[in-house]
Amino acid sequence: MTTPTTTQLDSEQLLWMYRTMVRIREFEEAAGRLAEQARIPGAVHLYAGEEAVAVGVCSNLDPEDTITSTHRGHGHCIAKGGDVKRMFAELFGKADGYCHGKGGSMHIADLEIGILGANGIVGGGPPIAVGSAFAAKYKKNGRVCVCFTGDGATNEGTWHESLNLAALWKLPVIFVIENNHYGEFTPQSGQGAIPRLSDRAASYGIPGVTVDGQDVVAVNEAAREAIARARAGDGPTLIEADTYRYYNHTGMSEGDPRPAEERAAWRERDPITILRGVLTEQAILSGESAERVEQEVRREIEEAIKFGEASPYPELSELLTDVYTE
Amino acid sequence: MTTATEATVTGQREITYLQAINEALHQEMERDPTVFVAGVDLAARGDVFGTTRGILAKFGSERIMDTPISENAIVGLAVGSALQGLRPVVSVMFIDFIGVCFDVILNQMAKNKYMFGGKARLPLVVLANAGAGGGMAAQHSQSLEALLCHIPGLKVVMPSSAADAKGLMTAAIREDNPVFFIQHKRCSRMRGPVPEGEYVVPLGSAKVVREGRDITIVATAYMVHEALAAAERLAERGIEAEIVDPRSLQPLDTPTILASVQKTHRVLTVHEAVQFGGIGAEITAQIAAEAFDYLDAPPIRLGGPWSPVPYSQPLEQEWIVNANDIHDAVVKLIEG
């Protein structure tokens, strides 16, 4: 594993990364508890453990850049600037939610800040990312699209078709694989014959790199290079970020089949702890101020939950609205 | 340029159904720089059917692109770029190929607007060629419109004439929702009068193609022409059939169909797609619910038999509903 490096990142950016990672962690643990208490319906796919990937990548993006996300999408949404109040309201199925309660956890979108939607379909995002990147090229507006997927999606046909077309047309899109080593409950070894998913880049004639997905600075550096390449008109890059989800496929813990020692080993490389170490060492963050960030975020999350829960349900008359643009 | 109305169609110069679509594409691309076209062999070759001929020369390779044979990427290109404000027109070539990219259609294109709480806008058109009769066998001959009509969020049009092809293509491109534009292969070379300027046929407007007092025949795409042939022969027996072409199946112009049935008191629906679960079943059910008291006879349906489309010519001809089938069904209904 590479040693974390802080070149090119100023303390403001590093502190933003820290706070955003803490925000994702607190959001996810709160969402998991709400699901366990059956206060929110459906399933939540928690991003805890993978925070450095979304934050490392999105720290390079402007609001006009776009992302496509996955069923495990809360982290991407927060990293891209999503409002946790409207996110919780959506999880509660309430009118003030991002989708006015019609989408839920797996479909949160904020088109105004370039979030083209979480996605309930594994491999659902890549074709849309290609379209968004094409629009940027067509309009010559210098925008890029980041397509987040898990490792599982790389076995879907949509993923391969998307990389092929993006490479052929040199579209400004970055494909980020969050390799958490499991597709639902089946380990990566049971899903494909190659261990390094970035090797797949060779099939499309594009660069492929694997980064330590627990090191937000390493992710930031890899993404920065890929995004610069895309903006320069040199086409897509495939980034594989090695990471791990702390909780089960859905929800918090019940029936998690992964070995206890594997889970513990990954917890030893917690992305928030790693960044805190760097920030403390460089005297950017004291123990006291780290504590303060966590308290502030916790309060923010509590308020967001209150906001979401207090928001009214959508009117029943909303049932048939927005099927079409009138 | 003023937009022509339906009343002005008669007397216009005649062009083919394909030329009419091509003309609409040219005019809309001229009118709106956000309209672009992409698909397999659409640019350099002008489409294997000829739909996009001349567009590359006129608009250049930034406005029309050849793609790999990659339906997920092609249709995804449309969804993602529409979300970002463009107006894509993409082709899946044969409608049979929607099987390759059905997730993009079913779960992304159709649902993004609703799932996202109304924020998304998806102005896009998917071209798809449908229909049997060319010896293309089971994977290149289907009529799958009912499948698409069953998905909230999609719109589906299926013109039968050159004028409607132009008018519906123009309307589809200007529409802010995903529209499947289904071209029937056997309509493609048919000629008819088409206004030269901009011409819009609104989505969701049916057309009474032939007036009559004795029975309403609701027919789609090529079956409109089979129904017209049947109506000529029926007239020789003194039976006057009224033919209604819905043109747009989603949304469906139920009032025009009901008004016709209320006049004729009998109805037959006919489409090339398999009869079971076809659009005729939906139309028949709506008539039964809304105009039951007007009916003098049970509504009848004609559609393809319950098998894939066969290859061998005699079998394929046996499979496709034709004017004789329509004629005989009407005679049996009216004369017993």
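Let's go straight to the contact between the two chains. In this predicted model, 33 residues of chain A are in contact with 35 residues of chain B. Which elements give two or more residues to chain A's side? They are helix H5, residues 125–139, and helix H6, residues 157–168. H5(A) gives the most, with 9 residues. Now the chemistry of that side of chain A. It divides into 17 nonpolar, 13 polar and 3 charged residues.

Next, chain A as a whole. It has 10 helices and 7 strands. Its C-alpha trace spans about 55 × 50 × 40 Å along the principal axes. How does its radius of gyration sit against a compact globule? For 326 residues, such a globule would have a radius of gyration near 20 Å; chain A has 19 Å, so the two agree. On burial, 56% of the 326 residues of chain A count as buried. Now sequence separation. Take the contacts in chain A between residues at least 6 apart in sequence. Of these, 75% join residues at least 24 apart.

Over to chain B. Here we have domain 1, residues 12–193, and domain 2, residues 207–335. Their centres, taken over C-alpha atoms, are separated by 26 Å. The contact between them takes 24 residues from domain 1 of chain B and 24 residues from domain 2 of chain B. What supplies the domain 1 side? Three elements of chain B each supply at least two residues: helix H6 (145–149), strand E6 (155–157) and helix H7 (162–174). By type, that side of domain 1 of chain B divides into 12 nonpolar, 8 polar and 4 charged residues.

Now the inside. The largest nonpolar core has 204 residues. Which residues have the most contacts inside it? From chain A, they are Val173(A), Ile174(A) and Val176(A). From chain B, they are Val75(B), Val92(B), Val126(B) and Phe181(B). Helix H1 of chain A, residues 11–36, gives the most to this core, with 9 residues. Chain B's domains take part as well. The core draws at least three residues from each of domain 1 and domain 2 of chain B.

Let me zoom in on one of those residues, Val92(B). What does Val92(B) touch, leaving out residues up to four places away in sequence? Two of its partners are on the core list I just read: Val75(B) and Val126(B). Val92(B) also touches Ile74(B), Phe97(B), Ile98(B), Cys101(B) and Ala128(B). Glu71(B) completes the set.

To recap, keep two items in view. One is the contact of 33 residues of chain A with 35 residues of chain B. The other is the nonpolar core of 204 residues.

Terms used: Residues are numbered from 1 along each chain as its sequence is written. Chains are lettered from A and ligands numbered from 1 in the order in which they are written. This is a predicted model: local features need pLDDT of at least 70, side-chain atom pairs count only at pLDDT 80 or more; totals for chains, interfaces and linings use all residues. Two residues are in contact if their C-beta atoms, placed from the backbone, lie within 7 Å. Helices (H or I, at least four residues) and strands (E, at least two) are DSSP runs, numbered from the N terminus. Ala, Val, Leu, Ile, Met, Phe, Trp, Tyr, Cys and Pro count as nonpolar, Asp, Glu, Lys and Arg as charged, and the others, Gly among them, as polar. Domain bounds come from an automatic or database domain assignment. A nonpolar core is a set of buried Ala, Val, Leu, Ile, Met, Phe, Trp, Tyr and Cys residues joined through C-beta atoms within 7 Å. A residue is buried if 20 or more other C-beta atoms lie within 10 Å of its own, exposed if 12 or fewer, and partly exposed in between; C-beta atoms are placed from the backbone. The radius of gyration is taken over C-alpha atoms; the globule rule is 2.2 Å times the number of residues to the power 0.38.
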